[in-house]
Amino acid sequence: MDFTSLYEVAWLVPLLPLISFLIVGFFGKRFKDKGGMVAIGLVGAAMVLSLIIAYGALTGNLPSEGYFETSIEWVVLGSGFAFELGIYIDTLTAVMLIVVSFVATLVVIYSIGYMHEEGERRRRYFTEISLFVGVMLGLVLANNFLELFIFWELVGLCSYLLIGFWFERPSAASAAKKAFLVTRIGDVMFMIGLIIVFNLFGSLTYTDVFNEVAMANVDQTWLMWGLFFMFGGAIGKSAQFPLHDWLPDAMEGPTTVSALIHAATMVKAGVYLVARMFPLLVFNGAVNGPNVLIFIACIGGVTAFIAATMALNSPNIKRVLAYSTISQLGYMFLALGTGGYLLSQGEIESGGLGYSAGMFHLMNHAFFKALLFLSAGAVIHLVATEEMRKMGGLRKYMPITSLVMLIGALSIAGIPPFSGFWSKDEILASVFEAGSMNGVFMLLYVLGIATAFMTAFYMFRMWFMTFTGPEGEATKTVAERSSHGHDAHEHKKGRFSEHTPKVMTVPLILLAVLAIFSGMAALFFFGDTFYGVVYFDEPNHETALELLESIFTHALTYLSILVAVAGILLAYFAYYKNKIDVKAIANKPAVKPLYDMLLARYGFTKGYNWIGEKAVYGFSLVLDKFDRFIIDGLINGIGKVCMKTGKGLRKVQTGFVQTYAGVVVGGAVVMMLLMYLLMTVLGVDLSP
Amino acid sequence: MMLENVPILSLLLILPLVGAIAAFMVGPRAKLSKMIALVASAVTLLLASLLMFEFFALGSDLFGSYQYVESYEWIKAAGISYTLGVDGISVPMVWLIALLCFLAILFSWDVENRTSQYMGLMLVLEVGVMGVFTALDYFLFYVFWEVVLIPMFFLIAIWGGPRRDYASIKFFIYTHVASLVMLIGIFAMYFEAAKPVIDGGLGYKSFSMEDIALVSGNFGIVLQTAVFGALLFGFIVKMPMVPFHTWLPDAHVEAPTAGSVLLAGLLLKMGSYGIIRVAIPSFPGAWDTSLGAYESSMFPGLSYMQIIMIVLGVLSMLYGAIMCIAQKDIKKMVAYSSISHMGSVMLAFATFTEIGLAAGVFMMFAHGLITGVLFMICGVVQHKTGTRMIPRLGGLASKVPYIATFMMIGFMASLGLPGLVGFIAEFAIFIAAFNAFEWLLLVPIISVALSSAYYIWAMQRVLFGPLTKDIDLEHIHDVNWYEAAPLSVLVFFIVLFGIWPGLIMDYITPAVTKVLTGGF
């Protein structure tokens, strides 16, 4: 089948949700459901097209260069520096298309149920979410870094609008501000990086920039700085240390938005960016030393670890998931940094695996994280609280939700055969491989394993606290409502005892299926392994069987499974069997400060606030005083001096002609002298 | 060519002038004067749009030279002529003038006090600004330059806020003194150019910009630098650049909304326009080290004039942005943000590269559209709530969603969100700045983060959060038609030129190429 004609119309993929944005934005009020069906229809259409395009790209139906590209001229700066708008499709794009369009469609469907009580406001919700999906798809399809940046910023705008959806809450307004400003710091760095790269290559189009000859001709030190700054953009967008603190706050938005931000849009953009600039990173790493790549790996590893520690004792169900996203994104950067490092050192095979594993993890994470968030959303929808202490024993009221969330937790914990296992294991394997070449990676491997342990622990802590054990106060109100039949009308259709509407559970079940199978499916499905389809440099053409063999004959695989199981067991004993008194441990003098520090997010929140409120705002107030009293004071002072002089000079008006004549003559002499001086200084020729 | 034999540039001056006279004449008939002003400015806008299309049809080869030139002798003995003409730099600006004046008049539909005079003055202002952007004779240029002051002075002094006397007089004296310095520069070049041919002069007296530009490049370096400096001083006070900016926030705070729109949207651009129209092409010896301009010993390759411009630009960008954070009055905040953005125009010009100059001119255009929205929305907020003080506002988004939406779009455009017109201007300026100064880019680019900070923070406090208890929000109205219409038109163009910046950029680039190569 010839897919080229489909690739030609790939611009429809971002356009369809943007049309939905316009329709719902302008006419949403006229629809009974405030535009929900329009959004589903158009986002769904974009999904269908995306999936077909992705299928084509992933089954090897791409032009022989390995990519499809088409573009139009957008604007020309100066003479000849043209910027383009275009479409670029390769296997990386394809994976992102699947992830973004599929998760987005499910989230929009789920939103019909979740946002039902919002009434008129749903118009705004569906408007903004359509825009969000559209610009993210545009970002993925861009054929140059400027276009990517444009959509990147628009993605930031949408997350700002949606995090602040309930803007009358001060916390939501503040969280939206924080998300925008913190990521904006990353964006400024991104902009600097883009400008440096543009200045080197005279273009930002992928095909121009990734040209081997062009890459070899540019100044590698400048290129290194350019890449470094571009990665700064990814740090902000993907909530990596030290710009990670906006993401937990971003939980103020509706849970559906959190799901979208964490699984499909926004934070994944940073990972995509790094994967996209991989040719530059590897080339520069090989020629100029892999500093940037090691930096990326370190940021990833450290973030994965730090975020996991913060999730250990968080009382809020959404926050736990937020920390876990930060942590998992850290894994992805760790994988990309490590893979790039290995590639730049000539280790094509293992390096390629690292790169593929990073993108593999991005895909798997998208499915299980969307699942986890939407399940958490179902829980919150029912109990109207996010505090896990008030939940407990919810399994009885939401058996489906509890089951799918368990699947999500197993997947993120890395238990085979759930999807998270396959990618996480491969990431850790490639980091270990790099560890034999550079001690830093050994350290990162230890951090990675520790993170895997903590991940399993906090995910199951969350699951046990929510669904098992004694019923918390919030659960009790649910129990009362059902027994008193207050909302019996909602249940007349006779749904077991599941309290969640079907429009919400069906997407959950679909995602659960993917959370089980996306890892294995990607291993087997495309007639090749994931590593043979989405790869950098050389495809890895191991058959699925060979791959399985290499995974399960590796001792480290069992180590990562072991720590995951250990984490689950610890959570089991602490929060299900209550064999371990967590409160007592937390209150021990040795542990208490650490415990509080984790709750306070290592003081990052305070630090950010200090910078904003004290440093920047304080300085601006000082400058304001300076402006008013010193600069303006000086100007007004001059004015006053003139007025005083004028008053003084009034006395010169004596009325005597002689005085005036004297002044005129004297003035004329002074003027002539001044003119003469001035003209001499200026070099004006005075000879007649 | 429809316009070949039509004195279209003169018409662009005469139409609003006739309108102004008519509006003054009708006296107390307020409604009639509004209609006259609206029709006069609308016809002017139509003509300006026609000019834009016709000019484009000429083809980009001609964008670098003056078109639709009209030249009549005026005072022959002094070499003063009435010469008008437009090129790729001024055509978009002329259109912007016509658009903003029309919208500002529409926006002033509720002016009840001395309406006919108000409308007349708005039109006189349009004549003045239009003249500045089309004049090709220094004398004419200066006359229009000063004409602009008068209506703006009265607009502030009569229809202004509580401290209008102070603000209007400060505005008048401050910018007038600066104009006088510029005038000295003009006279210096006039007399120098009037020297005999053997001395490198023209051999006749002329105020014509084109005539003087023929010889001004050959003036002594000292004189070129001095005249450039004098002109620059006149221009930077108008733009305004820190530390000569303090008249601006005062004027804005007191000025009526439409006055602010024109002040920020057009009057400030007179300064930057002067730099690119007059100073840069006429006196290359002042900034081009390859032509002998004074070169800095500390930064080889940069002339002193260039360094002054860089410092002024970067200082204004950061200073203006930080000042914005401290402001409690949203209008004052927007005023300071104008200083910040005009600083970026100055930085762009200071690169003396093709991209830089084009980006600077594009920024002038973009900023004109965006400040229109910003000041209008400040006016709307003031009108509906009775205050512009941020601490007294809060939660407006849930009561007046249209105001909130317009404000958000305006703020987003101003902070350089891609897809809106400000982005490509800003991005191109930074590209040019890096191209010319490399690591220095790290300093001005901080303003990008700062501008998001003040806008986003202001939005949080004005639009979001719980409803304010300071003011009565129960009976608050959303935008009226005469407020929504101009805002919508501006937003339309902000989006249009944001998505398709080439529409304007294509006019500008050939023209700045000419400026840079010393052609006038």
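Hi everyone. Let me start with one residue, A:Thr451: its relative accessibility is 0%, so this threonine counts as buried. Keep in mind that we are looking at a predicted model.

Where does A:Thr451 sit? It lies in helix α20 of chain A. And which residues does it touch? Leaving aside residues up to four places away in sequence, A:Thr451 touches A:Ala304, A:Phe305, A:Ala308, A:Ser327 and A:Tyr331.

Now stay on that helix, which covers residues 439-467, and find A:Tyr445 there. Buried or exposed, what would you say for A:Tyr445? Its relative accessible area is 5%, and buried means under 20%, so A:Tyr445 is buried. Its contacts, again without residues up to four places away in sequence, are A:Leu428, A:Val431, A:Phe432, A:Leu556 and A:Leu559. For a sense of distance, take A:Ser159: it is 286 residues from A:Tyr445 along the chain, and their C-alpha atoms are separated by 33 Å.

Let's step back to chain A as a whole. It has 688 residues, and 58% of them count as buried. In secondary structure, chain A has 29 helices and two strands. Its C-alpha atoms fill a box of roughly 115 × 65 × 60 Å along the principal axes. Those contacts of A:Tyr445 and A:Thr451 lead to a wider point. Take the contacts in chain A with a separation of 6 or more: 80% of them come from residues 24 or more positions apart.

On the outside, the accessible surface of chain A is about 26600 Å², and carbon and sulfur atoms make up 68% of that. As for charge, chain A has 45 positive and 48 negative charges, and the mean positions of the two sets are 18 Å apart.

The domain assignment splits out two pieces of chain A: domain 1, with residues 288-465 + 497-580, and domain 2, with residues 659-688. How far apart are their C-alpha centres? The answer is 85 Å.

Next, a little helix arithmetic that you can try yourselves. Helix α3 of chain A runs over residues 36-58, which is 23 residues, so at 1.5 Å a residue it should span 33 Å. Its end C-alpha atoms are 31 Å apart, which agrees. After that helix comes A:Gly60, with a positive phi near 80°.

Chain B offers a partner example. Its helix α2, residues 30-57, has 28 residues and reaches 41 Å from first C-alpha to last, close to the 40 Å expected. Here too a glycine follows: B:Gly59 comes after α2(B), and its phi is positive, near 95°.

What about positive phi in residues other than glycine? A:Asn578 is one of these, with phi near 55°. You will find A:Asn578 in the loop between α25 and α26 of chain A, and with a relative accessible area of 53% it is exposed. In chain B, look at B:Arg114, whose phi is near 50°. B:Arg114 is in the loop between α3 and α4 of chain B, and at 42% relative accessible area it is partly exposed.

One last stop, still in chain B: the loop between α8 and α9. B:Pro240 is found there, and so is B:Pro243. Which form does the peptide bond from B:Met239 to B:Pro240 take? That bond is cis, with omega near -15°. The bond from B:Val242 to B:Pro243 is cis as well, with omega near 10°.

That's my tour. Thanks for listening!

Note on methods:
Residues are numbered from 1 along each chain as its sequence is written. Chains are lettered from A and ligands numbered from 1 in the order in which they are written. This is a predicted model: local features need pLDDT of at least 70, side-chain atom pairs count only at pLDDT 80 or more; totals for chains, interfaces and linings use all residues. Side-chain values use heavy atoms; hydrogens and water are left out. Helices (H or I, at least four residues) and strands (E, at least two) are DSSP runs, numbered from the N terminus. Buried means under 20% relative accessible area, exposed over 50%, partly exposed in between (1.4 Å probe, protein chains only). Contact means heavy atoms within 4.5 Å. Accessible areas come from the Shrake-Rupley method with a 1.4 Å probe; for residues, only the protein chains shown count as cover. Lys and Arg count as positive and Asp and Glu as negative; His and the chain ends are not counted. The place of a charge is taken as NZ of Lys, CZ of Arg, CG of Asp or CD of Glu. The expected span of a helix is 1.5 Å times one less than its number of residues. Domain bounds come from an automatic or database domain assignment.
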